[in-house]
Amino acid sequence: MQLGRKKVSRLDFSTPIITLVLFMIGMLTIYSATYAPETASWLSPVDRRQLAWFFIGLAGMGISFAIDYHMYQKIAYVAYGTAIILLVLVLIIGKTSMGAQRWLTIAGFTFQPSELTKLAVVLGLSRFFAERRTSPPYNLKELLIPFCMVGLPFILVLKQPDLGTALLIVLISLVIIFYAGITRRAIMTLVFAGIAAATCGWQFLHDYQRQRILIFLNPDIDPQGAGYHIAQSKIAVGSGGLWGKGFLKGTQNLLHFLPEQHTDFIFSVFAEQWGFLGAALLISLYLLFLLRGLVISQEAKDPYGSYLAIGITATFFWQFCINIGMVLGLMPVVGIPLPLMSYGGTSLLTSMILVGMLLNIHFRKQYF
């Protein structure tokens, strides 16, 4: 009984509570985003599917919490290799929808391997740096292997095409690499290489991707066409005012002006209904979540736990920043969901597995 109390005292309660609150806010917002008065029921088909994924995610979170995270270190490269194989399979036999080939269907179960790739890259890089025998800061030659570990999935995801997730993999990886420590010369080289890649990469982008960047730079050039999404999103956020229009009363949403309202633009639906104060509260919840991730990273008693926690926190951080920036017109539209809120089974499952890993690292910090 005494041992039970000790174990309970090592649990982190704040992270799962924030996770549950964000999910419930997401469910309510998805309900309102898909609400149609003439066919309204207490739970829409979209809500039911999201709820089903939540329970699958709970199982994933429980498993990722229960298994000692040092086991993840042992299987990290296997997980990475499996993710690469799945990405190759997507390009060969993947399901195509709206011009993108991003999904695999196995035994009737459809999922997006690029979502799982983010997790695999975090596991792989964490193991690489945790087992690195030379001391930081690292130069470019010493970072050749991690760069290859990032570059391969980046190219495969880009081929789908999924520019947003490909860039997300790079950004998450850079956080882990910078956290490990690199030389100033390597930083300067990376900055110039990034500028050169962005300049040369323009010609390899699809037309719709170029349009999104041009719309970001000048939102007024095509408000009825390529700029429609972001224009309607900003109208929805702005029309919420200080207090919002109220639950199920968002006109931009109800009149179907707002596209992708229950997936990538769910923040716009929320902000229209709950206003600036509601949006500020929601952003505060995410910041609290990220702060907990940083604390867990610093409290981890071994390098692998610390790298893993920082990689998980970086995953949530970049998804949160890019999604919010995207719907506010501060970043190009790249199709990144808001973690734990946007509709999407694989995204929700991956997020909850990552939360389980964070809890795992916190729980086992006193074993060392």
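**Exercise 1. The end of helix 13**

Identify the residue that follows helix 13 in this predicted model and state the sign of its phi. Then determine which end-to-end distance the helix should have, and how many of its residues are buried.

*Solution.* Step 1: helix 13 is followed by glycine 329, and the phi of this glycine is positive, near 80°. Step 2: helix 13 covers residues 303-327, which is 25 residues, and at 1.5 Å a residue the expected span is 36 Å. Step 3: the C-alpha atoms at the two ends are 36 Å apart, so expectation and model agree. Step 4: of the 25 residues, 21 are buried, and helix 13 is thus mostly covered.

**Exercise 2. Positive phi outside glycine**

Locate leucine 340 and leucine 248 in the chain, give the phi of each, and decide whether each is buried or partly exposed.

*Solution.* Step 1: leucine 340 belongs to the loop between helix 13 and helix 14 (345-363). Its phi is positive, about 75°, although the residue is not a glycine. Step 2: the relative accessible area of leucine 340 is 3%; because the limit for buried is under 20%, this residue is buried. Step 3: leucine 248 sits in the loop between helix 10 (228-239) and helix 11 (251-254), and its phi, near 70°, is also positive in a residue other than glycine. Step 4: leucine 248 has 23% relative accessibility and therefore counts as partly exposed, since that class lies between 20% and 50%.

**Exercise 3. Cis peptide bonds**

For the bonds that lead into proline 137 and proline 161, state omega and name the loop in which each proline lies.

*Solution.* Step 1: the bond from proline 136 to proline 137 is cis, with omega near 5°. Proline 137 lies in the loop between helix 5 (113-130) and helix 6 (144-158). Step 2: glutamine 160 and proline 161 are likewise joined by a cis peptide bond, whose omega is about -5°. Proline 161 is in the loop between helix 6 and helix 7 (163-180).

**Exercise 4. The chain as a whole**

Test the chain against the expectation for a compact globule, and describe its contacts and charges.

*Solution.* Step 1: a compact globule of 368 residues would have a radius of gyration near 21 Å; the chain has 21 Å, so the two agree. Step 2: among contacts between residues at least 6 apart in sequence, 72% join residues at least 24 apart. Step 3: there are 26 positive and 16 negative side chains, and the centres of these two sets lie 10 Å apart.

Methods. Residues numbered from 1 in each chain as written. Heavy atoms only, no water. Helix = DSSP H or I, 4+ residues; strand = E, 2+ residues; numbered from the N terminus. Expected span 1.5 Å × (residues − 1). Buried < 20%, exposed > 50% of the residue type's maximum accessible area, 1.4 Å probe, protein only. Rg over C-alpha atoms; globule rule 2.2 N^0.38 Å. Contact = heavy atoms within 4.5 Å. Lys, Arg positive; Asp, Glu negative; His and termini not counted. Charge placed at Lys NZ, Arg CZ, Asp CG, Glu CD.
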